[in-house]
Amino acid sequence: MNDHRLFTVLDLAGTFAFAISGAVAARDRGLDWFGVIAIAFAVACGGGVLRDLCIGAVPPAGLTDWRYLAVAMAASVMTIAANPLVVRLAHPVVLFDSVGLGLFAVTGAQKAMIFGHNAEVAVLLGVVTAVGGGVARDVLLNRVPVILQREIYASAALVGAGIEVAGEHLGWLSSGRTWVALAACFALRYLSLRYRWNLPRSSARDSMDD
């Protein structure tokens, strides 16, 4: 599989994973079918649209390529129609959000490098692509965005994007570094939730003592 095809497959897979996480979250909030589809599309394409605007890839692929809308709608319909199957999955929002996070961290960094940007920009836009959809979901559903909480979320995306960019500059095989980056991001995110790993936070008392 060549690099362009691998990028497209991974980007659509990330779109599908994030669309399911958005559809499940919207369904749990009691939204109607249109609301579920709208949230799913915003979650699935929000980060990619922001990335494309930043790198000058306009109009964004998420708005011009019919496959992104089709994948988001398919994920929404599957979530609505196959509700018992989705419910059987342990913590479906967390599972699909973790998968989407890894996929988009990698593809976001890849696209930034394809457009000729340096390593720092590629890593940053990998993180933006990965967390943008989750932020859109939480804001639209009136929740505190995960990225602002103690959970390891953006940090996991940073690790995945960093491995992808470092592997590119070190000359690693594209398929090999991509799967390593995906696995590292997903594992860090999922294990941090399973074992309740959190980033340290500063308390108000500490600030007053200083």
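**Close-up views of an all-helix chain**

Of the contacts in this chain between residues at least 6 apart in sequence, 73% link residues at least 24 apart (a contact means heavy atoms within 4.5 Å). You're looking at a predicted model, where local features need pLDDT of at least 70 and side-chain atom pairs count only at pLDDT 80 or more, while totals for chains, interfaces and linings use all residues. Residues are numbered from 1 along each chain as its sequence is written, and side-chain values use heavy atoms, with hydrogens and water left out.

**View 1. The chain has 10 helices and 0 strands.** Start at the N terminus and walk along: the elements go α-α-α-α-α-α-α-α-α-α. Helices (H or I, at least four residues) and strands (E, at least two) are DSSP runs, numbered from the N terminus. Of the 210 residues in the chain, 45% are buried. Buried means under 20% relative accessible area, exposed means over 50%, and partly exposed is in between, using a 1.4 Å probe and protein chains only.

**View 2. Helix α7 crosses helix α8.** Here α7 spans residues 119-140 and α8 spans residues 154-170; their axes come within 8 Å and cross at roughly 140°. Axes are lines fitted to C-alpha atoms, for helices over the stretch in contact, and angles run from 0 to 180 degrees between N-to-C directions. That angle makes α7 oblique to α8. As for the labels, angles under 35 degrees count as roughly parallel, over 145 as roughly antiparallel, 65 to 115 as roughly perpendicular, and the rest as oblique. The α7 and α8 crossing is right-handed (the near helix is turned clockwise from the far one by less than a right angle; anticlockwise would be left-handed). On the α7 side, look for A119, A122, V123, G126, V127, A130 and V131; on the α8 side, for A154, A157, L158, A161, G162, V165 and H169. Sort the residues of this contact and you get 11 nonpolar, 3 polar and no charged. In that sorting, Ala, Val, Leu, Ile, Met, Phe, Trp, Tyr, Cys and Pro count as nonpolar, Asp, Glu, Lys and Arg as charged, and the others, Gly among them, as polar.

**View 3. Helix α7 also packs with helix α2.** Helix α2 covers residues 33-55, and its axis sits 7 Å from that of α7, at an angle of about 140°. So α2 is oblique to α7, and α2 passes α7 in a right-handed crossing. From α2 the contact uses I39, A42, V43, G47, G48, L50, R51, C54 and I55, while α7 brings L125, V128, T129, G132, G133, A136, R137 and L140. The residues of this contact split into 10 nonpolar, 5 polar and 2 charged.

**View 4. T107 is tucked into helix α6.** Helix α6 runs over residues 92-114. With 0% relative accessibility, T107 counts as buried. Leaving aside residues up to four places away in sequence, what does T107 touch? It touches F7, L10, D11 and R51. You've met R51 already, as part of the contact that α2 makes with α7.

**View 5. F186 and Y190 are a stacked ring pair.** The count of aromatic pairs comes to 3. Rings of Phe, Tyr and Trp (its six-membered ring) pair if their centres lie within 6.5 Å; planes under 30 degrees apart count as stacked, over 60 as edge-to-face and the rest as tilted. The ring centres of F186 and Y190 are 5.5 Å apart and their planes are at 10°, so this pair is stacked. Both residues belong to helix α9 (residues 174-194), sitting 4 residues apart, or about one turn of the helix. F186 is partly exposed at 28% relative accessibility, and Y190 is partly exposed at 28% too. Another stacked aromatic pair is Y195 with W197, at 6.0 Å centre to centre and 25° between the planes. W197 counts as partly exposed, at 41% relative accessibility.

**View 6. Some backbone oddities turn up in loops.** Most residues other than glycine have a negative phi, and most peptide bonds are trans. V58 and P59, though, are joined by a cis peptide bond, with omega about -5°. P59 is in the loop between α2 and α3 (61-64). N142 isn't a glycine, yet its phi is positive, near 60°. You'll find N142 in the loop between α7 and α8, and it is exposed, at 69% relative accessible area. R196 also has a positive phi near 60°. R196 lies in the loop between α9 and α10 (204-209) and counts as exposed at 74% relative accessibility.
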